[in-house]
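Q: Could you take a close look at one part of this model for me, the way two of its helices pack together? I'd also like a word on the internal cavities while you're at it.

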Amino acid sequence: MYDESKRSALQSSWHEMENLATLIASQMDPDALAEIKEGDENTTRYKKMIADLWEMQNKHSDIRFVYTLTRKGDKLAFLTDSEYGHNDFTEPLIGYIYEDAPPEAFAGFEKVSLRKTYYSDEWGTYMSAFAPIKNATGHTVAIVGVDISREVIENRMRSVVNTGYLILIATTIISLLLIMLIIYGIRIISSYQKKLEKSEHDIQMALDIAEEGIWEYDMREDSLHIGGGFWKSLGRDNPGWDHSIPIDKVFSYIHPDDLEKFKAMIQDIRNESGPDRIMSPIRFRAKDGTYRWLRVTGKVVSWEGNVPLKGMGTTVDITDIRQYQEDIERMYEKLVIFDSITRHDIANKNSIISLASEELALSEPGSDEQKKWLSEIMKASDGISAQIRFASSYQSLGSGKPRWNDIDEIITSLIEDEHHSAISVMNECQGLFLYADPLINRALYNLFENTLRHAGLDITYIRFWYRIEDGTCILSIEDDGRGVPESRKEDIFTRGVGENTGLGLYLIREILRITGLTIRETGEFGQGARFEITAKSGLFRVEQQS
């Protein structure tokens, strides 16, 4: 311990000399040093240099001398010295040969050089550091030397050793006190353990009441402990806090569209340079098959060096809040669509009425011309009325919250209402439920009516059936009528096509789109039409029929 302490104090002195020499060299004016010549001791500029060195020496009390040297043949000669003009040092200095200069001083013209052993000259015994003073072109014009006396260095080593002994004595005393405290602590741990268990139970009860779930992620085991609030939100049985759940099992509860986001959160919390706090809304599958929005929040609470070991956080059920937000966004979207359509259509009808009124005023009473323009006004007025009826239907679009709709029940009902003995209607949708706006029944009704109206006289059957492909449900409504030409497969969903159907294919698509369902026509012209409604995972379920 003694030798190690002395070594540490010695290394500290070396580093100090190197740093001071480098710092002072960076503050010197190389051009001014290069211009110094013998006999300049009394010039104002030279005195300023000496004053600066004297100030630097006084800032660091352990420094004995600070000076600059230049080459003079194969010798080194003084340029400046912090002691010049002080302590009766008034002899000419510039050009004075430094006969006892150590080899490290010559090496200082290339890079910072350190004399790590004592050497003596006519002024004392020291250790020294030397640093080059370079001009703008990188040429070394001089070096700066920093001396610390042997007495200062050895006092430092003695002080460190003495301090070490004091620390050892203090550590011994503290260790004895700690042992006494540990013995005392053991006696009361059992009582505090009971209080801690009660507090943990109270905290968990409070989290359950607040409908918040607490979780703990063990990164070494890649598993979680999850509190009762999480399971309550999903309507699932609580396996208990002590039950460790593999992270892959948790993945199985997450909505497919949110899985990558959740995995990124786990990666962030495992990353030593990741964010201090993670927070994101994630959908988890409840016991009844629906998905609940939970806000997952957490942070790293345990580290081993720079490596995170454990994360903790909470889950809060925000399903209702998200539903309210989605309702508002959906209603806003509908208002934008409705506003643009209404303004455009009514403006066009008003233009027709305005033009027809002008022509009507110029026509002869009772003439064919007058009848023509009166007819145009009536048709435009009827168009505005139709637009108002359209608005009346559209304003209720999505007014109810999405729910699970029994497709078999809806199809069975519409078949009973629209029975055609000459056409065979096949319903193969038993057990299929779609999560959609309640108006999906009107969408299916109008698809059925659209088929009856436009399939042609040769139609013999209409078939409702579904299939599952890659986790997606496709509900098909097909017939053996004339079908839809390839060029019109997209146009038929444009507003204004098929107006006799009431809502029309345009509004059917709008009803489905609001809740994430899509519709397209995929039949072959001349062989029959086929409308396919697509529902992604989470928007459909199939129940086994008893």
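A: Here is the helix pair, followed by the cavities. Keep in mind that this is a predicted model. The pair is α12, which covers residues 440-454, and α13, which covers residues 504-514. Two packed helices are described by the angle between their axes and the distance between the axes. Here the axes come within 9 Å and cross at roughly 150 degrees. Angles over 145 degrees count as roughly antiparallel, and α12 and α13 are therefore roughly antiparallel to each other. As for handedness, the crossing of α12 and α13 is left-handed. On the α12 side, the contact is made by Ile440, Ala443, Asn446, Leu447 and Asn450, while α13 brings in Leu505, Ile508, Ile511 and Leu512. Sorted by class, the residues of this contact come out as 7 nonpolar and 2 polar, with no charged ones.

Now for the cavities. The structure has 2 of them at 30 Å³ or more, and the largest has a volume of about 140 Å³. Its lining counts 14 residues, and those closest to the cavity centre are Trp215, Leu224, Phe262, Val296 and Thr315. Four elements each supply at least two lining residues: the strands β6 (212-218), β7 (223-226) and β9 (278-285), plus the helix α8 (256-270). Of the elements, α8 gives the most to this lining, with 4 residues. By class, the lining of the largest cavity has 13 nonpolar residues and 1 polar, and again no charged ones.

Note on methods:
Residues numbered from 1 in each chain as written. Predicted model: local features only at pLDDT ≥ 70, side-chain atom pairs only at ≥ 80, totals over all residues. Heavy atoms only, no water. Axes fitted to C-alpha atoms, helices over the stretch in contact; angles between N-to-C directions. Parallel < 35°, antiparallel > 145°, perpendicular 65-115°, else oblique. Left-handed = near helix turned anticlockwise from the far one by under 90°. Contact = heavy atoms within 4.5 Å. Nonpolar A, V, L, I, M, F, W, Y, C, P; charged D, E, K, R; others polar. 1 Å grid on protein atoms, 1.4 Å probe; cavity = no way out; pocket = protein on both sides within 12 Å on 5 of 7 lines; lining within 4 Å. Points joined across faces, edges and corners; volume = space filled by probe spheres on them.
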